[in-house]
Amino acid sequence: MTHYLSLAVETIFIKNILLAYFLGMCSFLAISRKVETSIGLGLAVVFVNGITVPVNWMIRQYLLGPGALEWTGIAGMAAVDLSFLNYIVFIATIAAMVQLVEMVLDKVSPTLYQSLGIFLPLIAVNCAILGSSLFMVEREYDFMESSVFGVSAGIGFFLAIITLATIRYKLKYSNVPPGLRGLGIAMLITGLISMAYMSFSGINL
């Protein structure tokens, strides 16, 4: 249990998918102008990431990986390696999950659906989502580790975008120099938040 807790803390704070690897920056900077839409996008990323990483783990384990088709019992299938299809299949899985989120949001919260606009379908090509599945392969996680990692990476994205959105909201009442207004100050704050998250590096559970 401690191992999974340690993995979750490490993924959320120390190896945050946004602030340590800078994946998914386009939607992060664009959506964080409003707190409400940031919460909606953050929750969507938690859901999509929490589903797609373990699903992609199973697909790789039983269909695509080296020797994954051995379970079929067919002669010669144990030598088949379909790893070259990882990218295509992972993206297809993510696109299917995003489609599901779109349909649910459109039905449950049309206002939030309209607020997220083009950035909701763009989750399908969000490099933070695809990056999580690729990190899962690279780090050779098992199923439980992949599940914890997927949800934690989504929570890390959620915390980061909420933090930036609330700070940008407060900045409306500050006298920011004209040359720094907009993306300039957002990028500076992102760097400072990233440095703050690095302070969790000393945690050893």
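**Figure 1. Asp142 caps the N-terminal end of helix 7.** In this predicted model, a side-chain oxygen of Asp142 lies 3.2 Å from the backbone nitrogen of Met144. Helix 7 has 29 residues, which should span 42 Å at 1.5 Å a residue. The C-alpha atoms at the ends of helix 7 are 42 Å apart, in agreement with that expected span.

**Figure 2. Helix 7 and the largest nonpolar core.** The core holds 45 residues, and those touching the most other members are Phe28, Val48, Ile123 and Phe157. Two or more residues each come from helix 1 (2-14), helix 2 (25-31), helix 3 (35-64), helix 4 (86-108), helix 6 (127-138), helix 7 (143-171) and helix 8 (183-198). Helix 7 gives the largest share, 7 residues. In soluble globular proteins, nonpolar side chains tend to be buried together.

**Figure 3. Surroundings of Ile123.** Leaving aside residues up to four places away in sequence, Ile123 is in contact with Leu41, Ala44, Val48, Ile94, Val98 and Ile129. Of these contacts, Val48 is, like Ile123 itself, among the core residues that touch the most other members.

**Figure 4. Two aromatic pairs, Tyr141 with Phe149 and Tyr169 with Tyr173.** The whole structure contains 8 aromatic pairs. In the pair of Tyr141 and Phe149, the ring centres are 5.3 Å apart and the planes stand at 45 degrees, so the arrangement is tilted. Tyr141 is buried, at 12% relative accessible area, and Phe149 is buried too, at 2%. The rings of Tyr169 and Tyr173 have centres 6.1 Å apart and planes at 80 degrees; this pair is therefore edge-to-face. Tyr169 is partly exposed, with a relative accessibility of 38%, whereas Tyr173 is exposed, at 63%.

**Figure 5. An aromatic cluster and a charge over a ring.** Phe13, Tyr197 and Phe200 are linked into a cluster by ring pairs. Shown separately is Phe135, whose ring has the charged end of Arg139 over it, 4.4 Å from the ring centre.

**Figure 6. Ala95 in helix 4.** Ala95 has a relative accessible area of 32% and counts as partly exposed, because buried means under 20% and exposed over 50%. Val108 follows 13 residues away along the chain, and the C-alpha atoms of Ala95 and Val108 are separated by 20 Å. Helix 4 runs over 86-108.

Terms used:
Residues are numbered from 1 along each chain as its sequence is written. This is a predicted model: local features need pLDDT of at least 70, side-chain atom pairs count only at pLDDT 80 or more; totals for chains, interfaces and linings use all residues. Side-chain values use heavy atoms; hydrogens and water are left out. Rings of Phe, Tyr and Trp (its six-membered ring) pair if their centres lie within 6.5 Å; planes under 30 degrees apart count as stacked, over 60 as edge-to-face and the rest as tilted. Buried means under 20% relative accessible area, exposed over 50%, partly exposed in between (1.4 Å probe, protein chains only). A charge sits over a ring if NZ of Lys or CZ of Arg is within 6 Å of the ring centre and within 35 degrees of the ring normal. A nonpolar core is a set of buried Ala, Val, Leu, Ile, Met, Phe, Trp, Tyr and Cys residues joined through side-chain atoms within 4.5 Å. Helices (H or I, at least four residues) and strands (E, at least two) are DSSP runs, numbered from the N terminus. Contact means heavy atoms within 4.5 Å. The expected span of a helix is 1.5 Å times one less than its number of residues. A polar contact is a pair of N or O atoms within 3.5 Å; within protein, one must be able to donate a hydrogen and the other to accept it, and residues adjacent in sequence count only if both atoms are side-chain atoms.
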